[in-house]
Amino acid sequence: MGSPFRLRRLRLRGFKTFADQTEVELVAPVVALVGPNGSGKSNLVEAIRFALGETNPRRLRLGRWEEAIFAGGPGRAPAGLAEVEITLANAEGDEAVFCRRVHRSGDHEYLVNGRPVRQRDYLDALAGHGLGPDGPWLVAQGAADRWLNLRPVERRQLLETSTGLAFYRQELAEAAAHLEAAAAELSRLKDRLAERQPRLEALGRQAEAWRAWQSLESRRTALLAAIRREEWLNRRRRVCEAEAVLASARAALEAARKGLAELEARTQELRARAEQADLGGRTAREALEAAEAELGRGLRWQEELEDRRRRGWARLAELDQVLASGDDERSRLEAELGRAEAELSAADR
């Protein structure tokens, strides 16, 4: 463990009557400041107390912190801030520099070894060296007599402060307070979790029901799309078949009409020839019989074509019935789908 730290240097700038930067070296074991009244001896002690983190301006004979800043004088402008820096050092040459500034706006700055820190970190760093705004390191007039007459509890507090134990006791108390606050917060969170547990379970059941409904809805949508596609394909196929049968029947009917027309024209021609021959000869009769036979064959062909036409129309009627039955089947499937959707809605409720 290294040797204890001692106050080695004091630097002031703009603090009370010290308008210019003033540096005091404290290298001897004992340093005395001698001077008449008003020469600034008390201001130096108060500067040290200021650098040690004093929070009450009245202990520095100030009404407000802004009054610690040099207010100006004959031929001298007021300072913008007051700054006090103390340097602690030990026998090994290690140094710790603490600097405090106050601006006319009332804002304070704290620096440890040139690094800006919070006020709390500044005071903690001082306490790590056994220093602070209160303690036996600043002995005012009459303070020694008061310390000799302290009660045991007060003397113990003074000794703990001077040895640095008060800092660790404060840290321990703050840590215990933080732990107690954390335990209270944990208990509060556990209570809130217990209060919300039934709600969480209900939400879990609702989420599970929602996932089941979503799965059924996806399946229903896929089935409905498959049914509609199959219906469309069946209808398309039936329509194509019906169109093919109808086209074939129309072609056959047209061919029959053309053949009948040709037979009628041939019959008319033969009849005209027979009339011209006066129906008198065997040749004419034979020709007429041949024509009549040919006419008979044409009539039979016409009857056959008529029969084929009737079968074509019957096939068309059958296809119409198939289409109608397909519509009925689709209506039945849609009805079943509607009942399934109603059952799903009832399950959701």
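**Exercise 1. Locate Arg 100 and state which charged and polar partners its side chain has.**

Step 1. Arg 100 belongs to strand β4. Helices (H or I, at least four residues) and strands (E, at least two) are DSSP runs, numbered from the N terminus. The model is predicted: local features need pLDDT of at least 70, side-chain atom pairs count only at pLDDT 80 or more, and totals for chains, interfaces and linings use all residues. Residues are numbered from 1 along each chain as its sequence is written, and side-chain values use heavy atoms, with hydrogens and water left out.

Step 2. Arg 100 is buried but has no salt bridge. Buried means under 20% relative accessible area, exposed over 50%, and partly exposed in between (1.4 Å probe, protein chains only). A salt bridge requires a side-chain nitrogen of Lys or Arg within 4 Å of a carboxyl oxygen of Asp or Glu. For charge, Lys and Arg count as positive and Asp and Glu as negative, while His and the chain ends are not counted. The nearest side chain of opposite charge is that of Glu 54, 7.2 Å away.

Step 3. A polar atom of the Arg 100 side chain lies 2.9 Å from the backbone oxygen of Phe 50.

Step 4. Contact means heavy atoms within 4.5 Å. Neighbours within four places in sequence aside, the residues in contact with Arg 100 include Phe 50, Glu 54, Trp 65, Val 84 and Tyr 122.

**Exercise 2. Describe how strand β3 is covered and which strands pair with it.**

Step 1. Nine of the nine residues of β3 are buried. On one side these are Leu 81, Glu 83, Glu 85, Thr 87 and Ala 89; on the other, Ala 82, Val 84, Ile 86 and Leu 88.

Step 2. Two strands pair if DSSP finds at least two bridges between them. Strand β1 (residues 6–13) is joined to β3 by seven bridges, and the two run antiparallel. In this pairing, Leu 10 stands opposite Ile 86.

Step 3. Strand β4 (residues 95–103) is also antiparallel to β3, with nine bridges between them. Here Leu 88 faces Ala 96. The hairpin of β3 and β4 has five residues between the strands, and Gly 93 takes a positive phi near 95 degrees there.

Step 4. Take Thr 87 as an example from β3 (residues 81–89). Thr 87 counts as buried because its relative accessibility is 2%. Apart from neighbours within four places in sequence, Thr 87 is in contact with Arg 6, Leu 7, Arg 8, Arg 9, Glu 95, Ala 96 and Val 97.

**Exercise 3. Classify two of the aromatic pairs and compare the burial of their rings' residues.**

Step 1. Rings of Phe, Tyr and Trp (its six-membered ring) pair if their centres lie within 6.5 Å; planes under 30 degrees apart count as stacked, over 60 as edge-to-face and the rest as tilted. The structure holds five such pairs.

Step 2. Phe 15 and Phe 50 are a tilted pair, at 5.4 Å centre to centre and 40 degrees between the planes. The pair links distant parts of the chain, 35 residues apart: Phe 15 is in the loop between β1 and β2 (22–25), and Phe 50 is in helix α1 (residues 41–51). Phe 15 is buried at 0% relative accessible area, and Phe 50 is buried at 0%.

Step 3. Trp 210 and Trp 213 are a stacked pair, at 5.1 Å centre to centre and 25 degrees between the planes. They are three residues apart in helix α5 (residues 165–276), so about one helical turn separates them. Trp 210 is partly exposed at 49%, and Trp 213 is partly exposed at 24%.

Step 4. Ring pairs also link Phe 15, Phe 50 and Trp 65 into a cluster.

Notes
Polar contact = N/O pair within 3.5 Å; in protein donor to acceptor, adjacent residues only side chain to side chain.
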